[in-house]
Amino acid sequence: MAGGVVVNAGGGKDYPGKLTMFVLFACIVAATGGLIFGYDIGISGGVTSMNPFLMKFFPSVYHKEQEAERNQSNQYCKFDSQLLTMFTSSLYLAALVASFCAATVTRVAGRKWSMFGGGVTFLVGAALNGAAKDVVMLILGRVLLGIGVGFANQSVPVYLSEMAPARLRGMLNIGFQLMITIGILCANLINYGTAKIKGGWGWRVSLALAAVPAAIIAVGALFLPDTPNSLIARGYTDDAKRMLKRVRGTEDVEEEYNDLVAASEESKLVAHPWSNILQPRYRPQLVMAIAIPMFQQLTGINVIMFYAPVLFKTLGFADDASLMSAVITGLVNVFATFVSIVTVDRLGRRKLFLQGGTQMLACQIVVGSLIGAKFGFTGVAEIPKAYAAIVVLFICAYVAGFAWSWGPLGWLVPSEIFPLEIRSAGQSINVSVNMLCTFIIAQAFLPMLCHFKFILFFFFGAWVVVMTIFVALFLPETKNVPIEEMVLVWKAHWYWGRFIRDEDVHVGADLEMPSANGNGKVGSGKLGGMQ
Ligand code: BGC
């Protein structure tokens with residue numbers, strides 16, 4: 001084998017090189033693209049629980065809420081308004097559509113320009129929202145924010161996974177999720193402060209401050225280098241080699257460079273990524289690009305993220321206390337993400353998925369039972385403080401489980417499994433399915449709470465059972481495997497292997513695929529940790 005290349009336990013090559021400051025810094029800057037997404041997730045729930053905001057834009061919801069308070073009537077239904085949920089979820093529809101345009105920009109112009117475009121559009125949306133005079137302006141602003149999120153979420157995870165050395169890819173990619181959680185937390189804190197502003201214009205500050213994370217990623221993107229993969233794909237081969245040396249901190253990049261060029265050559269044979277992704281040999285990646293984001297949303301996490309203040313209000317917390325509880329879940333979300341940063345490249349993706357899923361399920365059962373025991377189906381009850389605190393505690397444990405499993409891995413895994421020729425298209429499918437499911441859940445949650453009541457927690461719990469079994473059976477371990485060699489992992493999988501013909505397996509110069517009967521020569525011939 002050439003140069004200093006060795007085959008690692010994960011079945012792929014370990015290219016020479018170390019984690020350079022250059023790559024670390026580039027990844028931190030790119031990851032800030034997650035801030036805009038996170039800020040938005042956190043800000044909308046808090047704003048929609050502020051009375052002056054409701055009075056101005058959604059007076060019918062405001063009156064219904066007041067009436068529910070006066071009459072002590074059904075708590076489950078007091079926020080059920082399609083127009084109000086449309087405010088939250090319009091962003092996700094816009095992001096869904098935008099991620100398809102972003103696929104082209106990311107492929108043709110490079111990853112950084114997608115990030116830049118995302119930041120700038122988000123900035124304009126923030127200005128419109130902060131100055132909103134009516135619902136139309138408000139929703140228009142949100143559509144622009146959505147376009148920004150679509151572009152950023154399409155490009156950032158791919159950028160991070162391409163920049164990172166294989167054995168640290170999980171850690172660096174999860175920087176994106178970390179920024180999402182920091183964005184959510186900042187938004188929760190800001191809402192906590194602005195809700196106190198006398199005069200009823202605090203919500204404007206909350207919405208306008210979205211300009212800060214937008215400016216960070218827009219300016220940051222201008223200074224980012226493009227990934228070697230993208231440079232090669234666009235024909236800048238000399239620049240790509242120079243960049244690869246710089247990001248890996250070594251001159252010994254020949255082997256990795258040749259493999260990237262080989263991957264790029266192969267990708268050129270594929271003229272239409274969109275129709276190609278439907279070929280049987282891409283079936284495992286396509287299924288994952290749909291299933292992973294769908295399952296991520298079916299954990300029910302955004303019920304907590306969007307509606308934490310509303311949910312805590314429903315549980316009988318006062319305005320202030322419900323925003324404070326949202327801050328607490330926000331903090332848990334940030335800190336628990338570090339658990340996955342530290343463990344994802346050692347334990348691997350599967351273990352985190354399985355552990356996190358189990359923990360979330362247990363918490364959902366407890367929270368559903370506690371709420372059901374108090375509110376029953378009528379939704380009328382006084383909840384003692386200690387009881388509510390225990391509910392919050394289990395909600396936090398649920399959030400922690402998500403924050404080290406489906407949260408980060410929902411972005412990491414799809415970004416590392418696509419071969420170059422379908423990477424941009426595949427990532428768009430991932431983003432759009434994520435946004436579609438987020439939209440459906442955002443739109444459906446309040447009516448669902450109103451009709452299903454506490455059963456809603458069991459509904460999401462049942463999905464967690466399904467997704468955990470899915471991971472156990474169908475998701476191979478991808479830790480440490482270089483991104484351009486991922487086909488080996490699928491080929492060796494007990495189920496997906498059948499979709500990939502031997503001749504579809506090319507991984508650079510000197511690695512051959514272990515054939516189904518074990519004649520190949522990938523290291524020891526075994527792909528570690530695989531099902
Ligand atoms: C999800 C979001 C969610 C957030 C919570 C992200 O990975 O895509 O929908 O709100 O995690 O931290």
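**Close-up views of the ligand site and internal cavities**

About 210 Å³ of space lies in the second largest cavity of this predicted model.

**View A. The second largest cavity and its lining.** Of the 22 residues that line the second largest cavity, those nearest its centre are Tyr-15, Ala-164, Ala-166, Arg-248 and Glu-256. Helices H7 (135-163), H11 (228-233), H12 (237-248) and H13 each contribute at least two lining residues, with the largest share, three residues, coming from H13. By residue class, this lining consists of ten nonpolar, three polar and nine charged residues.

**View B. The largest cavity, one of six cavities of 30 Å³ or more.** The largest cavity has a volume of about 280 Å³, and among its 22 lining residues Pro-419, Glu-421, Glu-484, Val-487 and His-506 are the closest to its centre. Two or more lining residues come from each of helix H13 (254-268) and helix H21 (420-452), and H13 gives the most, with four residues. Twelve nonpolar, three polar and seven charged residues make up this lining.

**View C. The ligand and the shell of 14 residues that surrounds it.** The closest residues are Gln-177, Gln-296, Gln-297, Asn-302 and Asn-333. An oxygen atom of the ligand is 2.7 Å from a side-chain N or O atom of Gln-177, while the corresponding distance is 2.9 Å for Gln-296 and 3.0 Å for Asn-333. Taken alone, the ligand exposes 310 Å², of which the protein buries 100%.

**View D. Helices that build the ligand shell.** At least two shell residues are supplied by each of helices H2 (33-47), H8 (169-194), H15 (283-298), H16 (301-314) and H20 (406-417), and the largest share, three residues, comes from H8. The shell contains six nonpolar and eight polar residues, but no charged ones.

Definitions and conventions: Residues are numbered from 1 along each chain as its sequence is written. This is a predicted model: local features need pLDDT of at least 70, side-chain atom pairs count only at pLDDT 80 or more; totals for chains, interfaces and linings use all residues. Side-chain values use heavy atoms; hydrogens and water are left out. A residue is near a molecule or strand if one of its heavy atoms lies within 4 Å of it. A polar contact is a pair of N or O atoms within 3.5 Å; within protein, one must be able to donate a hydrogen and the other to accept it, and residues adjacent in sequence count only if both atoms are side-chain atoms. Accessible areas come from the Shrake-Rupley method with a 1.4 Å probe; for residues, only the protein chains shown count as cover. Ala, Val, Leu, Ile, Met, Phe, Trp, Tyr, Cys and Pro count as nonpolar, Asp, Glu, Lys and Arg as charged, and the others, Gly among them, as polar. On a 1 Å grid over the protein atoms alone, a cavity is a set of points where a 1.4 Å probe fits but cannot get out, and a pocket is an open set with protein on both sides within 12 Å along at least five of seven lines; lining residues have an atom within 4 Å of a point. Grid points are joined across faces, edges and corners, and a volume is the space filled by probe spheres set on the points.
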